[in-house]
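Colleague: Please take a close look at a single part of this model and explain it in one connected account for a first-year student. What does a search of the whole structure find when it looks for an aromatic pair, and what surrounds the result?

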Amino acid sequence: MNLEYTGREEIPVGTDAVWAYVTDPANVASCVPDMVESTIVDARTADVVVQVAVGPVRGKLKMKITLDPQPDAHRLNMKISGGGFGSVVDVLAGAGITAGSAGGTVLDWKATIAMRGPVATVGGRVIDAQAKRVITQTFENVKTRLTGAAVQAG
């Protein structure tokens, strides 16, 4: 099963702070919903274990998050790959990071997801709803952590 999502997120924090946050694998890993464990491998890579409950399919997926920042293009590319309980999930995502209104930042993003195994057999509507929940929660976590950090720093 293959899925594709696009969107635009506005974060009320400056681009330098957003860039510093989203290019740190520890920060990115901490924003993943349903994460039960994370290990920072190096300056661009984190391994995470997430709890998955999609329809009747339940278990843990071990995923590797690899960040590929492109500072000259104001872009962050990311690859997330891994699996568990006979399933494989691969995500290719990218976001353009630009200045927004009132000193904020805009992320124009796109993600493609490929799944194989039991997790892909659940059904399109269930998978789509779960993917949208994970995407929404991830961006909410980023916003909360960045705006909380900005308030604490100010």
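Modeller: A residue counts as buried when its relative accessible area is under 20%, as exposed when that value is over 50%, and as partly exposed in between. The model shown here is predicted, and the words buried and exposed describe that predicted model. Phe-139 has a relative accessibility of 17%, so it falls under the cut-off and counts as buried. Trp-109 has a relative accessible area of 12%, and it is therefore buried as well.

These two residues answer your request. A search of the whole structure finds 1 aromatic pair. Its members are Trp-109 and Phe-139, whose ring centres lie 5.4 Å apart and whose planes stand at 35 degrees to each other. Ring centres must lie within 6.5 Å to pair, and planes under 30 degrees apart would be stacked while planes over 60 would be edge-to-face, so this pair is classed as tilted. The pair connects distant parts of the chain: Trp-109 belongs to strand S7 (residues 105–116), Phe-139 belongs to helix H3 (residues 124–153), and 30 residues separate them.

Let us begin with the strand side of the pair. S7 is part of an open sheet of 7 strands, arranged in the order S1-S7-S6-S5-S4-S3-S2 with antiparallel pairing. The edges are held by strand S1 (2–11) and strand S2 (35–42); each has a single partner strand, so one side of each has no neighbour in the sheet. On average, neighbouring strands are turned by 20 degrees against each other, with direction ignored. Helix H1 packs on this sheet, where it touches S1, S4, strand S5 (75–84), strand S6 (87–99) and S7, and its direction makes about 160 degrees with that of S6.

As the order of the sheet shows, S7 stands between S1 and S6. In general, the strands of a sheet pair through backbone hydrogen bonds, either parallel or antiparallel. S1 and S7 run antiparallel and are joined by 10 bridges. Within that pairing, Thr-6 is placed opposite Lys-110 in S7. On the other side, S6 and S7 also pair in the antiparallel sense, over 12 bridges. Here Gly-96 faces Asp-108 in S7. These two residues are 12 residues apart in sequence, yet their C-alpha atoms are 5.2 Å apart in space. Asp-108 is partly exposed, because its relative accessible area is 32%. Setting aside residues up to four places away in sequence, Asp-108 touches Gly-7, Arg-8, Gly-94, Ala-95 and Gly-96.

The link between S6 and S7 deserves separate attention. The two strands form a hairpin with 5 residues between them, and Ala-102 in the turn has a positive phi of about 55 degrees. Most residues other than glycine have a negative phi, so a positive value is worth noting. Ala-102 is also exposed, because its relative accessible area is 88%. His-74, in the loop between S4 and S5, likewise has a positive phi of about 55 degrees although it is not a glycine.

We may now turn to the interior. The largest nonpolar core has 39 residues, and those touching the most other members are Val-18, Val-89, Ile-113 and Met-115. H3 gives the most to this core, with 6 residues. H3 is also the helix that holds Phe-139 of the aromatic pair. Neighbours within four places in sequence aside, Ile-113 is in contact with Met-1, Asn-2, Leu-3, Tyr-5, Val-89, Asp-90, Val-91 and Ala-131.

Val-18 leads us back to H1. In this helix (residues 15–22), Val-18, Tyr-21 and Val-22 are buried. They lie on the same side of H1, because they cover an arc of only 85 degrees around its axis. After H1 comes Thr-23, in the loop between H1 and helix H2 (25–30). Thr-23 counts as buried because its relative accessibility is 10%. Apart from neighbours within four places in sequence, Thr-23 is in contact with Ala-43, Arg-44, Leu-67, Pro-69 and Leu-76.

To return to your request, the aromatic pair links Trp-109 in S7 with Phe-139 in H3.

Note on methods:
Residues numbered from 1 in each chain as written. Predicted model: local features only at pLDDT ≥ 70, side-chain atom pairs only at ≥ 80, totals over all residues. Heavy atoms only, no water. Phe/Tyr/Trp six-rings, centres within 6.5 Å; stacked < 30°, edge-to-face > 60°. Helix = DSSP H or I, 4+ residues; strand = E, 2+ residues; numbered from the N terminus. Buried < 20%, exposed > 50% of the residue type's maximum accessible area, 1.4 Å probe, protein only. Arc of directions from axis to C-beta. Pairing = 2+ DSSP bridges. Axes fitted to C-alpha atoms, helices over the stretch in contact; angles between N-to-C directions. Contact = heavy atoms within 4.5 Å. Core = buried A, V, L, I, M, F, W, Y, C linked by side-chain atoms within 4.5 Å.
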